[in-house]
Each structure stands twice: as structure tokens, then as C-alpha cells.
There are 2 protein chains.
Amino acid sequence: MKIAVLGTGMVGSTLAGKFAELGHEVRMGARDAKNPKAEAWAKSAGPKASHGTFADAAAFGEMVFNCTNGAGSLDALSAAGAENLRGKILVDVANPLDFSRGMPPFLFAGNTDSLAERIQEAFPQARVVKALNTVNASVMVNPGLVPGVSDVFVCGNDAAAKGEVTRILKEWLGWQVVVDLGDISSARGTESYLLLWLRLWGTFQTPHLNIHVVH
Amino acid sequence: MKIAVLGTGMVGSTLAGKFAELGHEVRMGARDAKNPKAEAWAKSAGPKASHGTFADAAAFGEMVFNCTNGAGSLDALSAAGAENLRGKILVDVANPLDFSRGMPPFLFAGNTDSLAERIQEAFPQARVVKALNTVNASVMVNPGLVPGVSDVFVCGNDAAAKGEVTRILKEWLGWQVVVDLGDISSARGTESYLLLWLRLWGTFQTPHLNIHVVH
């Protein structure tokens, strides 16, 4: 599959690296066509890896992963272009983190809205699925870093899109349990969970942690 | 132990009933001395059960459980009286739920503060421990309703108070895993988790659910 990964940080490079390793054609998108981190990533990730602007990447991808900083996601997606997102699955991995007051970060959306909802509203023809934002980048592509069974979530208005993302989470990344939480507004739950996740990280002194829902 | 349970709803009556069943002296507090639900509860819960105003109950209890509606908790605790809470462990089980816009509820605190912090700030001489607010009332007193191992959390500024609440959660209520998340500000995490919990309830169609932290 041709995959666009928007964002050059830890989440973007980890997911892009995993997809390339699995044999997919991956284009990493950044604000600037000559982003040094994207260049370095593309050079190291093999012949099927490339990089470009957000628009270059989004136009290339059959599926798009938003791995940009949450505070910059709407701008990055505007730069990617609504026409390059139309009809495509847009997996929103970002969190609405506000580091302006230091650590721990606050959330700039939540409770009555979510970053995922803002993205879906701004790009109504994209098929937004919130996923993977509840775990650390290393855990996203290697659920086995956390012992035993733990869970990830999908939220979105498009059932077929959630089904396809669920398949990818299971078959490509190895997640055993993918919980469909409902429509895109359920991302309020998974984004607000970050406030608990940050405290759990502080308690257990490792970002390699996750939750398993028991019922 | 002499225990005050403030609040006559599902959470208050469930916890009060369990403590009475365990042989403790329990006084249920309500706004009015003649609250019919508190009267009925006290009548059914045996000779060691009693009821009264919030102040009656708080004065009686060696430990106080805040099981009032989150929106009314500060008023209820003011009625209970700072002098009746001074030096005592105050277990805050309430959630900052705002039902004014229907279901699902929103939170009226979170992200940059929490109900538990507001309570600790308003009653600086109470030893506030946030606990049990992440599970349904029936599960609070019967963790086995959820299959396998799942977790509850304690948050608070007073380590000895958290230790005593942890002991009660384990020895009286049967919780196997009690995670100390840190100071009272970590209640932002457990209160905001409600937004995820509500969606999980919707997905699994049962309130008998919980999470297990894996790390």
C-alpha cells in the first residue's frame, strides 16, 4: 500500500519505519520539502521510502497517518490539502497536548470536543479514524513491549474505515484487541485518557505501559 | 471503625451497606436530617447503621467518604463542616459530572484541575484521598464482578492516608491492585478517565467493566 506519514517526530518516524519494513511504499511529509529529519529517514529506510511536503505525501498516500504535533495538526492537514485527503482514510494519531505551561502537558481539546472531531469537521471528506494515540510510539508498532494483552481503540464515523484500520492494527502491527469505541466524538475519551496515561508513566517510570479493558 | 458516608445515592448506599455488612458503625449523611432515603437505608442496614445531616455524619465518622453528586460536593462538605473533617481521611469518590446537557455527561473540572483538588484546597486540614471514582458502585464493593484482575487508584498529598485507604480497598473490598498515582493533582487523570469509561460502557453495554494497567 502507498502510505503517507505526516510528521517527522518520534511517532511519525516509528510508524513510517515499521510500514517501510513491512514492504509498503511510504512517503513522509513535512512542512518543508527539504526537512532534514525526513531526508535522513527516507535515506535510511530503503528504496520504497521517500519524503516531501505535507501535500506531496498526502497526494501520494492511499492512506494518510497524521503524526504531527497536535497543536499543529490542523495547519499541517491544511497544507496537505483537502483535495489530497478526499475519500481517504486519515488515521489521526496526534494528541491535543499543550506544553506551554511545561510538564505535565495540558490538553487543548477534550470534554466537549476533541482534536479528532476538529479534524473531521475541517476535512469532512476525509474518513478520519482516531487510533494509537493512547500508547507510546515504540509500543504502537510493538505491542509485545508491554507484557500480556493490552488494548488499542478506534473511533470514527466511517465503519468501513474503522474496519480497515482495525485490520492494519492487527495484521501489520500485532495488536490482539482493538476496541471500536463508536463515532468520532468517542475520541474525547481516548484523548482525555492521556491525562491518566501521563500519571501512570510517572508512577511506573516507563512509557511502555498500556491498559487492558476487562468486562 | 466509625465511618461517615455523605450521600444517599447509589454510590453512598452501596458503600455504606458494605461497610455496615463488615461490622462497622456507619452513619449516612444527607442535606436534611429526615432524608427518606437515608432513613430507609439506616432502617434496613442493622443496629450499627444510623443517619443524620452531613454535619452529624462527619462529626461521627473517624473516616469520611464523599459520595455526593460531584456538582454538589463542595456545598455538602461545607455543610459537613471543616471542623468535622479536620485531620480525618476524606475519601473522595465523586466525579465532576455535568448532566446539564444530557447524556453523555461532560466534566466540570479536569485538565488543569479536578474536583479532588478543589476539595483539598477548600478543606486544607482534611486528608483527601481520591479513590474508587473509576468504577461503578457495584464493582467498588465487589471487584469480582469484573472477571480477572483490574485496578483502582489512589491520589492524594498524604502518604499515610493513601496507605490506610489502600489497606481498606484491599482488605475490606477485595481489590488486588491499588495504584498510587501521586499527589492530589493526579486526580485529573482518574476523573478525566470517566470520559473513556463512559464510552467503554456504551461499547460493552455493561457498567461492570474496568481497566488493568499492564507495564
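Reader: Which strands does helix α9 of chain A lie across, and at about what angle does it run to β9(A)?

Author: This is a predicted model, in which local features need pLDDT of at least 70, side-chain atom pairs count only at pLDDT 80 or more, and totals for chains, interfaces and linings use all residues. Residues are numbered from 1 along each chain as its sequence is written, and chains are lettered from A and ligands numbered from 1 in the order in which they are written. Helix α9 (residues 187–204) of chain A lies across β8, β9 (151–156) and β10 of chain A, with contact meaning C-beta atoms, placed from the backbone, within 7 Å. Angles run from 0 to 180 degrees between N-to-C directions of axes fitted to C-alpha atoms, for helices over the stretch in contact, and α9 runs to β9(A) at about 135°.

Reader: Which are the edge strands of the sheet in chain A?

Author: Eight strands of chain A form an open, mixed sheet in the order β3-β2-β1-β4-β5-β8-β9-β10, where strands (E, at least two residues) and helices (H or I, at least four) are DSSP runs numbered from the N terminus, and two strands pair if DSSP finds at least two bridges between them. Pairing on one side only marks the edge strands of chain A, β3 (49–53) and β10 (177–182).

Reader: Which residue stands opposite A:Asp92 in β8(A)?

Author: Strands β5 (residues 89–92) and β8 (residues 127–131) of chain A run parallel and are joined by four bridges. Opposite A:Asp92 in β8(A) stands A:Lys130.

Reader: What phi does A:Gly23 take, just after α1(A)?

Author: Helix α1 of chain A comprises residues 10–21. Just after α1(A), A:Gly23 takes a positive phi of about 95°.

Methods
Two residues are in contact if their C-beta atoms, placed from the backbone, lie within 7 Å. The expected span of a helix is 1.5 Å times one less than its number of residues.
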